[in-house]
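Hi,

Here is the structure I promised to pass on to you. Have a look at it first, and then read on for what turned up.

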Amino acid sequence: MSVNRLKAWIRSFFGFSRSETNALLILLPLMVLLIFSEPAYRYWFTNQELSFSKDSLRLDSLVAKWQWEKADSNPESVDRPLFRFNPNTASRDSLLQLGFSPSLARRIVNYRTKGGVFKIKSDLLKMYGADTLLFQKLYSFIDLPLIAEKKRKEFFKDSFPMRPIVATTKLDLNLADTAQLIKVYGIGPKFSLRIVEYRERLGGFVSMDQLNEVYRLDTTAVGRLKKKFFVLPDYHPRQIRLNTATEKELAAHPYISYKLAAAVVAYRFQHGYFASIEDLVNLKLVTEKDFQRIKPYITINP
């Protein structure tokens, strides 16, 4: 078909004028080219072999320019030399050498200046800002008894009336690490980690029965743990300041729900600070059983 006959057919079929027919014949090939150019380009590009030689050379040159540091070049990675110390007599510089923060070391010295005395090892944990991990690391270097003499005799007498010598094999649950927990039959890496994590969330165990609250830890395993570990009768866990803690800080404790945390903050806003921790029972959400669980972990002291 000649071009003239094609033009005549288009004019008769579509009713186009001569100029409209000419425009159609020009635009039609352009439209076809535009429609099929993108798939054709994609097909051609995807079938080309990719070469990363230039990029590899560039990356190699950058890596060569980097100065790698040795793992032991960081002064923080070097272990501090540990030594025995008595918190009642150790100087501020000695405390800093052992790893105490400047603020905590200053607080300990001020506490002694005002007449305070550390009687047992766990008294260090009563200091505001005490580092539990550091305490565990320094535990064997603290030149103080584990518990008061009177308490120690009563505890071992009540716990081990038949074979008191067995008491020496027991470990403090609040100081045990995962390696010590794994030694108990039935306590694997997962359960030992769960126990330590739950202890940290609580602020410390005040009763061996709290092990029953660890996720999926059965009663048989709890019974075995009770034979190997103990909780000091006068242990003071980490406490939350009821009058100053934020809603988020309150809700982070396993015994305080988000709803109760919001109620505590709302109570402070409406009635002012709590006069005593017993005022917590004024909240409708708190039963007497709930209060007894929370009681060791809250304080109104600044």
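Where is the place of Tyr-235? Tyr-235 sits in the loop between strand 2 (229-230) and strand 3. Before we go further, bear in mind that this is a predicted model.

Is Tyr-235 buried or exposed? Its relative accessibility is 14%, and buried means under 20%, so Tyr-235 counts as buried. Leaving aside residues up to four places away in sequence, Tyr-235 touches Leu-125, Asn-174, Gly-203, Gly-204 and Phe-205. There's also a nice example of the chain folding back here: Tyr-235 and Lys-126 are 109 residues apart along the chain, yet 9.9 Å separates their C-alpha atoms.

One of those partners, Gly-203, takes us to helix 9, since Gly-203 comes just after that helix and has a positive phi of about 105°.

Now for helix 9 itself. You can check its length by hand: helix 9 has 14 residues (189-202), and at 1.5 Å a residue it should span 20 Å; the C-alpha atoms at its ends are 20 Å apart, which agrees. Which of its residues are buried? They are Ser-192, Ile-195, Val-196, Tyr-198, Arg-199 and Leu-202. Looking down the axis of helix 9, you'd find these buried residues within an arc of 165°, so they line one face of the helix. Turned away from that buried side is a face carrying Pro-189 and Lys-190, which are exposed. And what covers the buried residues? Helix 6 (132-138), helix 8 (178-182) and helix 10 (219-228) are among the elements that do.

Next, try finding the largest pocket, which holds about 760 Å³ of space. Its lining has 25 residues, and those nearest the centre are Lys-126, Met-127, Tyr-128, Arg-238 and Gln-239. So you meet Lys-126 again, the residue whose C-alpha atom is 9.9 Å from that of Tyr-235. Helix 9 and strand 3 (240-241) each give at least two residues to the lining. By type, the lining residues come out as nine nonpolar, ten polar and six charged.

Finally, the whole protein. How many helices and strands are there? The protein has 13 helices and four strands. Of its 302 residues, 29% are buried. Among contacts with a separation of 6 or more, 53% join residues 24 or more positions apart.

Have fun exploring!

How values were computed: Residues numbered from 1 in each chain as written. Predicted model: local features only at pLDDT ≥ 70, side-chain atom pairs only at ≥ 80, totals over all residues. Heavy atoms only, no water. Expected span 1.5 Å × (residues − 1). Buried < 20%, exposed > 50% of the residue type's maximum accessible area, 1.4 Å probe, protein only. Arc of directions from axis to C-beta. Contact = heavy atoms within 4.5 Å. 1 Å grid on protein atoms, 1.4 Å probe; cavity = no way out; pocket = protein on both sides within 12 Å on 5 of 7 lines; lining within 4 Å. Points joined across faces, edges and corners; volume = space filled by probe spheres on them. Nonpolar A, V, L, I, M, F, W, Y, C, P; charged D, E, K, R; others polar.
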